[in-house]
Amino acid sequence: MNDVSPNPNPFPPMATMSLDAMTAYRIDGVPTAMSRVPLERLLAIQGRYLDDPATGRAVAIHGRHGTGKTHTILAALALAQGVRPDGNRPLVLYVRADGPDPLMLYRKLMSRWTATELAELAEYAFAGYAAEEFIASRDSVDGETSDTERLRSDPQLVEQAMKVGELSYTAVVNRQDDDIRRIQGRYGGFERVLLALANPALRHAAHRWLLAADVNADDLKRLGVAGPIEHPHEVRIGIHVLAALARRAGRPLTFAIDQVEALLRTSHGTIDAENAGLLRGVVEDIVDEQGLIMASVGEPVWEQLPRDLRQRFGPSEIQVPELSPAEAEDVLAAYLGPSSSNSDNAPIFQLTSGAKRQLLVESGGNIRRFIQACHVVCSALSPEVKEIDRDQVVAALSTAGGERTPDTGAVRSVVEKALQRASGVVLADHAVDGQIIDYVVMEGGRIVLAVEISRAVFGQDEAAKAVAQLDKIRSLRRHKPIMVLVVVGYSSPDVRDRLQAAARVVVADSDDFAADLDAAVEESVPDATAILVDERLTQLREEMLSLLERRTAADQVVAAKLDQSHARHQVGEWGAQLQQFRFQWLKEREKLEQEIDERRAEARRRELDEIASMHSQQVDTRRRRTRDIAIAYVLLLAIVILVATTLFGLYRSLVISVVAPLAAGVAAAATLLYRYVLRSDTVQSDSVQLQSIEDLKRLARQRGQTFLKSSDPLVRFRAVMHNHHLDYSVHEVVSMAVSEPSAIIRRTLLTSAISRSPDALLDSLHKGLEPSDLDGGVELMDEVGPYWWKLPFELRVVALLRPRSWRDPSLRADVDAETWVERFLISTAKESDLVRAFERDDDTLLAVALQEVSERTLRRAATVFSPFEDGLGAHYWLNSSNTIKELYFFFRKALYYLAGGVEVPPAYRSALIEAAELSVPLPDDLA
């Protein structure tokens, strides 16, 4: 090999991007800004998380070694590291797994932290706990205020507040300890070590303990812990505590674990169940603490992961495939751009089309091997070379040696060895309906396995070859065999993806090829679900023909033509992604449905228990009053008898004539008083068990006293059910509602009052009644327009959702919408893609419409209709409750799709136009 090369060699010799030895998340001098679909998806997820870190998420980046997974994570970390928001800066953590020991992974992660940095994080987290305690100690209904925001951002202010008695140090410490106990499941060591970080005398020991380093017995005793961190469950707790501190400190956490396969794969090639459980727990913990976790996993291990672990990533699963020819052009353009010393801004040198294709073949589309091959080729040539062709690439790589793509002869040898292990008769160059199949395996006169080998071709040749392969698959359809297509060196993603719909595609591009082929051959029983019907084969063939037409029409200019196919590939990839999101969302919705039903049942039960409890109190009061009257009656009678007995011996005639009649009169008066008190008491004497609203109505329909001002809620409800409140004016009914402690009775009174006179609505608002007490009445109003601007936002939304106006523009109130939610509710499908997506329940339209609205707006809308945290969905008594629930699900689904990175590819509209021009039908879910 020559010692000289084209000057300078722009390609790095290693072409690896490891973050372990870097102090900043960048690689100086190495271009990192490639535009690839996985990179764009991850950057979109990272950007949205930094804009609104209210909810955490987990992202899995998987692909074969060298496809650019670390590069993709690097770009996302650089984005997070470069953000400096108004509040605290994001917390960016990266660790690479080098083995199956979780403790080693934890030590590697924590080794980046200095004692000062950990103490600062703990200090700001303590300020966050102090702000929460400040709110709780004052029973604030307003939540965050300027005072609490200042407390969160200024630990010194927290210290001053404690000195003047505005905050209790003990209360804040207890709040922090309780939160750490929530993580540990008990009081353990972490809460003590966190407090020790604030003590300069203990900070060094606390720092070493949190790093899982060696700590001597004296320091352990001073810290108040039993021993060091040395078990996997303590590793999970340590990472969870770190995430909890970041959340309380107001620092959005981005946590990346690279090369997860080293942690999960055993020496036997299986998955370590214990470490997989640890990773699942860490993913759940980070997300629970509103953090963003990225896990980079090699493709073989990703396929082996337990289903429940893969499901933790939900829709945020990003596959990093091999380079397409168009992406290879982008990589070369990034490295071969004009140098700073080149005054004419010309590239350093040129690679011919054949050289570029050969580099793709030699690397198998693996970006790492692609760049390494480029470095080897450039190093082997003299500085005078201005153009590199295919033969020079082959010569340079042959001289250098190392890992290369096997040739066709070597591939055939590997295929034949693999087929020798298969049961059945192996035949080479077997003819079926005029089609020659390279290898088939026969069992009982039927072909059970067919293997077809093709070399790497490009442009129109590749598309034509794919058409021929589909024709061979059609010829085998009556045998229903397993079909394996072996491509030597390279296959472009757009063609490979289509072929994978009809057969198992194995690319012979590295030493992994033999293992991949063995796995395909071992599947001796065909999978019925993978066998396509003639209609699908016909459709695939037509797609290949259209691809061939496009590539031919471009005059075999590979880069320009593959720009179109790459865009089309994006659309197909997005369609598959959207289908996966639909499936994941259905599961998420089922969970939400159950939780909503439980919440609503709990709300009903709570309000019924409220009435039953108040009734029981009145029953107890009645019993005490009855007992007291009886006791007084007996005492009075006893006194009279005692006096009469005493005087009887002295003044017999006086007793007979005066005292006896007086005693009889007192007894009669006491008896009449007792009966009067009992008869005038409007309390129903029996205790009740209320399981549902129907139980309450059934009791109200029974005969009994009805008195609207009774102290017994059952009697009051019976009075309302019998319309006794109509005997009072609307103003009096509203006044009764103000003092009514039962939510059910209060709403019933106000609903009746508002239906009698809409002015009762304003009267109720003036008296300070909650909108939740009034929304049932608002639903019954014929016209809301005259009162619109005096209604709070919640009641305006309810007014727009009235059954008689919802989705009927001709009956909607003539109002001026002030907020986005109101504008959404009064818009028509013609005016808004989002409304059209809701009305049609169309996920494709929803994905398109997501470009119209921000995540923050969708989150606020979901909060309005939420069945949790006092949203409208919690108001189970509304006639429009089902519509509210559907709106909540719609906005939650939109957020779910947005969080997973569902975005219509930029090529979507152009793909539609192209499909129309070439008469190529898009998949139904994209049409």
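A crossing of two helices is called right-handed if the near helix is turned clockwise from the far one by less than a right angle, and left-handed if the turn is anticlockwise. The legends below describe close-up views of a predicted model.

**Figure 1. Helices α4 and α7 form a right-handed crossing.** Helix α4 covers residues 115-137 and helix α7 covers residues 169-184. Their axes lie 9 Å apart and make an angle of about 110 degrees. Angles of 65 to 115 degrees count as roughly perpendicular, and α4 and α7 are therefore roughly perpendicular to each other. On the α4 side, the contact is made by F126, Y129, A130, E132, E133 and A136. These residues meet Y169, A171, V172, V173, R175, Q176, D179 and I180 of α7. Sorted by class, the contact of α4 with α7 holds 9 nonpolar, 1 polar and 4 charged residues.

**Figure 2. Helices α5 and α6 cross with their axes within 5 Å.** Helix α5 comprises residues 146-153, and helix α6 comprises residues 155-163. The crossing angle is roughly 115 degrees, which makes α5 roughly perpendicular to α6. From α5, the residues R150, L151 and S153 take part in the contact, and from α6 the residues P155, L157 and V158. The classes represented in the contact of α5 with α6 are 4 nonpolar, 1 polar and 1 charged residues.

**Figure 3. Five strands build an open sheet with mixed pairing.** The order of the 5 strands is β8-β9-β10-β11-β12. Strands β8 (425-432) and β12 (504-508) stand at the edges; each has a single partner strand, so one side of each is left without a neighbour in the sheet. On average, neighbouring strands of this sheet are turned by 30 degrees against each other, direction ignored. Within the sheet, β10 (residues 446-455) and β11 (residues 482-488) pair in the parallel sense over 7 bridges. R455 has V488 of β11 as its bridge partner.

**Figure 4. Helix α20 lies across the strands β8, β9, β10, β11 and β12.** This helix covers residues 408-420. Its direction is at about 165 degrees to that of β10. Strand β9, one of the strands that α20 lies across, covers residues 435-443.

**Figure 5. Helix α35 packs its buried residues against other helices.** Within α35, which covers residues 833-840, the residues L834, V835, R836, A837 and F838 are buried. The partners of these buried residues are α34 (820-826), α36 (843-849), α37 (855-864) and α38 (881-899). After α35 comes D841, with a positive phi near 55 degrees.

**Figure 6. Q290 and D429 are residues other than glycine with a positive phi.** Most residues other than glycine have a negative phi. For Q290, phi is about 60 degrees. Q290 is placed in the loop between α13 (273-288) and β4 (292-298), and its relative accessibility of 27% makes it partly exposed. For D429, phi is near 50 degrees. D429 is located in strand β8, which stands at an edge of the sheet in Figure 3.

**Figure 7. R856 of helix α37 is in contact with D51 and D52.** Neighbours of R856 within four places in sequence are left aside in this list of contacts. R856 and D52 are 804 residues apart along the chain, while their C-alpha atoms are separated by 7.0 Å. R856 has a relative accessible area of 42% and is thus partly exposed. Helix α37, where R856 is placed, is also one of the helices that the buried residues of α35 pack against.

**Figure 8. S316 is a buried loop residue.** The loop that holds S316 lies between α15 (307-311) and β5 (317-319). Residues under 20% relative accessible area count as buried; S316 is buried, with 4%. Not counting residues up to four places away in sequence, S316 touches R41, I45, A58, V59, A60, F581, A899 and G900.

**Figure 9. The whole protein contains 39 helices and 12 strands.** Of its 927 residues, 50% are buried. Among the contacts with a separation of 6 or more, 70% are between residues 24 or more positions apart.

Terms used. Residues numbered from 1 in each chain as written. Predicted model: local features only at pLDDT ≥ 70, side-chain atom pairs only at ≥ 80, totals over all residues. Heavy atoms only, no water. Axes fitted to C-alpha atoms, helices over the stretch in contact; angles between N-to-C directions. Helix = DSSP H or I, 4+ residues; strand = E, 2+ residues; numbered from the N terminus. Parallel < 35°, antiparallel > 145°, perpendicular 65-115°, else oblique. Contact = heavy atoms within 4.5 Å. Nonpolar A, V, L, I, M, F, W, Y, C, P; charged D, E, K, R; others polar. Pairing = 2+ DSSP bridges. Buried < 20%, exposed > 50% of the residue type's maximum accessible area, 1.4 Å probe, protein only.
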